[in-house]
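Please look over the overall build of this chain and two of its loop residues. A brief report is wanted.

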Amino acid sequence: MSAVYPFHRTATGRNLRVVEETDRGVYWCHMHADAVPGRRACFSMDLVDDIIQYQRGLADRFRAAKGSTLPHVVLASDADAFNLGGDLDLFCRLIRAGDRDGLLTYARQCVRGVHAFHDGLGAGAHSIALLQGDALGGGFEAALSCHTIVAEEDVLMGLPEVLFDLFPGMGAYSFLCKRVTPHVAEKLMLEGNMFSSQEMHKMGLVDVLVPRGEGVAAVEDVIRANRRIPHARAAMHQVRQMTQAVTLDEMMRITEVWVDTALQLGDKSLRTMDRLVRAQERRAANGAA
């Protein structure tokens, strides 16, 4: 049976829409379920908290089931964008206030969320990112944390943090280096260019590329393929964790560098962030693709 759970309600709606197909072991997590004109599709603290709380509950259930089936967790979005990254408005306020503790609390919580997808929720789950809209900054980091990235054509991806003299500090370098060389990873981070999903597929940063509107069907194909080889897939998860694991400690140390760098930003960088926030708000209001 499938069940839809309005997991968390806020004054403006829900942050996370969950569809659980427990008979198949497939769990769809749709970010930005509160998508309304003017609401930015970014990682608000409420959204991050909701994702982590749901991840922890799922992990407990998976461990209790003792591997009766290979669970698949799909990270998707109800907004026109997959995710535009960190909450720049919050960043500006915390940086201007010199609030290192507040910025570090946010960053660490984001790291916990993306690391859980990378780690299969600590319970052997297969994580899939479904990109039907743009994935920028922290949104791209979240996609990279998943085991499989399925993207529709003409989706934009990139790490634009260098535009305001910052770097993506919540997993980008660690995850990129599992797919491309460190030189390419640094180039992507320091040049801040945007790439289409077609270009990212050629680079090896998108696993499955499909035409617009076929993303959900492609995810189902991935799940069916895994179902045919459940023991091999489960074993591959173990091998990956032995040889390709990104540790939570590594990510936490990197994000401290990010926080200390962010606190050094001057007025020019903060004004650039302010402009990006306004652009995101206009995009949300217009429903732009």
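The report below covers confidence, overall build and two loop residues.

This is a predicted model, in which local features need pLDDT of at least 70, side-chain atom pairs count only at pLDDT 80 or more, and totals for chains, interfaces and linings use all residues. Residues are numbered from 1 along each chain as its sequence is written, and side-chain values use heavy atoms, leaving out hydrogens and water.

pLDDT is the predictor's confidence in each residue, from 0 to 100. The chain averages 91, and 92% of its residues reach 70 or more. Over residues 5–13, pLDDT stays under 50.

The chain holds 11 helices and 12 strands (DSSP runs: H or I of at least four residues for helices, E of at least two for strands, numbered from the N terminus). Its radius of gyration is 18 Å, close to the 19 Å of the globule rule for 289 residues, so the chain is as compact as a globular protein of that length. That radius is taken over C-alpha atoms, and the rule is 2.2 Å times the number of residues to the power 0.38. The C-alpha trace spans about 55 × 40 × 35 Å along its principal axes.

Of the 289 residues, 52% count as buried, meaning under 20% relative accessible area with a 1.4 Å probe, protein chains only.

Two loop residues that are not glycine have positive phi.

| Residue | Phi | Loop between | Relative accessible area |
|---|---|---|---|
| H32 | near 60 degrees | β5 (26–31) and α1 (45–65) | 5%, buried |
| L121 | about 60 degrees | α3 (100–118) and β7 (126–131) | 8%, buried |

Terms used: Buried means under 20% relative accessible area, exposed over 50%, partly exposed in between (1.4 Å probe, protein chains only). Contact means heavy atoms within 4.5 Å.
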